[in-house]
Amino acid sequence: MSTIAQTLKDRRSYRAFLKTPVDQALLESILKTAMLSASNSNIQPWHVYLLSGARLQKLKDATKARSTVPPQFDEHVYKVYPDPLEEPYESRRFHCGERQYSAMGIEREDQAGRLNYVYNNHQCFGAPAAMFLYIDDKAGPSQWADLGIYLQSVMLMLTEAGLGSCAQISWNVFHTTVRDVLNAPENLTLYCGLSIGYPDMQAPQNAVVADRAPVGEVLTVMTD
Ligand SMILES: Cc1cc2nc3c(=O)[nH]c(=O)nc-3n(C[C@H](O)[C@H](O)[C@H](O)COP(=O)(O)O)c2cc1C
């Protein structure tokens, strides 16, 4: 029987997908059920777009046309990391990227290979469906946290349905193109995308299982 703890253990990010289409009704039902996620004062600050078929292809084509060398990225609408990113976060971020690159045999000096890997984000790693999460540009930290709760609900239900996903902040480098294709209103800010599909388990990048910090680094327990 599926439990939430087991689904949490089973979920991980996949970065190569099969072309196999995903049932549209199932996806819509998952995104609707995720609306049961908690939010502060129930304001439900998430604005959700689900793309597949011709519209997703249009987005992939539009970003492919912008996947130049050297890159010409949009200026970020929000700071993805503090600058500088200090320890222990910087080491965790570095380790995460290096494990992906090394699984795919992309050396540190291979700048073209690394850029190509980044651009693969904008082809949804081959996935046939994608969700985009937007937030009102006047929203504060509590509403951003609410979006994370919505995102987690979606990812867990996708896992439970036998699907894979990968959340992608990296869509921010092309946020103007995403807005154009989605026709998203100007008062909304793109938080992230989420590629959705059946993972290609033959792909080396999907063999990477991200580790976690020792519990003592994050959990403080007090009983006295
Ligand atoms: C909000 C968010 C944004 C992310 N953005 C990206 C991204 O742009 N590209 C990517 O390959 N992975 C991205 N990830 C996936 C993380 O790297 C991944 O969740 C982390 O390494 C832990 O691995 P796991 O999801 O397999 O447990 C993102 C995850 C989250 C939650």
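**Close-ups of the ligand site and an aromatic pair**

**View 1. Ala167 meets the ligand through its backbone.** In this predicted model, a polar backbone atom of Ala167 sits 3.1 Å from a nitrogen atom of the ligand. Ala167 is also among the residues that come nearest to the ligand, along with Ser13, Arg15, Ile169 and Arg212. Strand E3 (residues 164-168) supplies the largest share of the shell around the ligand, with 3 residues.

**View 2. Two side chains reach the ligand with polar atoms.** Asn121 places a polar side-chain atom 3.0 Å from a nitrogen atom of the ligand. Arg212 does something similar with an oxygen atom of the ligand: a polar side-chain atom of Arg212 lies 2.8 Å from that oxygen. As for cover, the ligand on its own would expose 620 Å², and the protein buries 75% of that.

**View 3. The whole shell around the ligand.** Zoom out a little and you get 15 residues around the ligand. Sorted by class, 7 of the shell residues are nonpolar, 4 are polar and 4 are charged. And the space that the ligand takes up? That's the largest pocket.

**View 4. Tyr119 and Phe174, a stacked pair.** The structure has 9 aromatic pairs, and one of them is Tyr119 with Phe174. Their rings are stacked, 6.2 Å centre to centre, with 15° between the planes. This pair ties together distant parts of the chain, 55 residues apart. Tyr119 belongs to helix H5 (residues 111-121), while Phe174 is in the loop between E3 and helix H7 (175-182).

Note on methods: Residues are numbered from 1 along each chain as its sequence is written. This is a predicted model: local features need pLDDT of at least 70, side-chain atom pairs count only at pLDDT 80 or more; totals for chains, interfaces and linings use all residues. Side-chain values use heavy atoms; hydrogens and water are left out. A residue is near a molecule or strand if one of its heavy atoms lies within 4 Å of it. A polar contact is a pair of N or O atoms within 3.5 Å; within protein, one must be able to donate a hydrogen and the other to accept it, and residues adjacent in sequence count only if both atoms are side-chain atoms. Accessible areas come from the Shrake-Rupley method with a 1.4 Å probe; for residues, only the protein chains shown count as cover. On a 1 Å grid over the protein atoms alone, a cavity is a set of points where a 1.4 Å probe fits but cannot get out, and a pocket is an open set with protein on both sides within 12 Å along at least five of seven lines; lining residues have an atom within 4 Å of a point. A molecule sits in a cavity or pocket if more than half of its atoms lie within 2 Å of its grid points. Helices (H or I, at least four residues) and strands (E, at least two) are DSSP runs, numbered from the N terminus. Ala, Val, Leu, Ile, Met, Phe, Trp, Tyr, Cys and Pro count as nonpolar, Asp, Glu, Lys and Arg as charged, and the others, Gly among them, as polar. Rings of Phe, Tyr and Trp (its six-membered ring) pair if their centres lie within 6.5 Å; planes under 30 degrees apart count as stacked, over 60 as edge-to-face and the rest as tilted.
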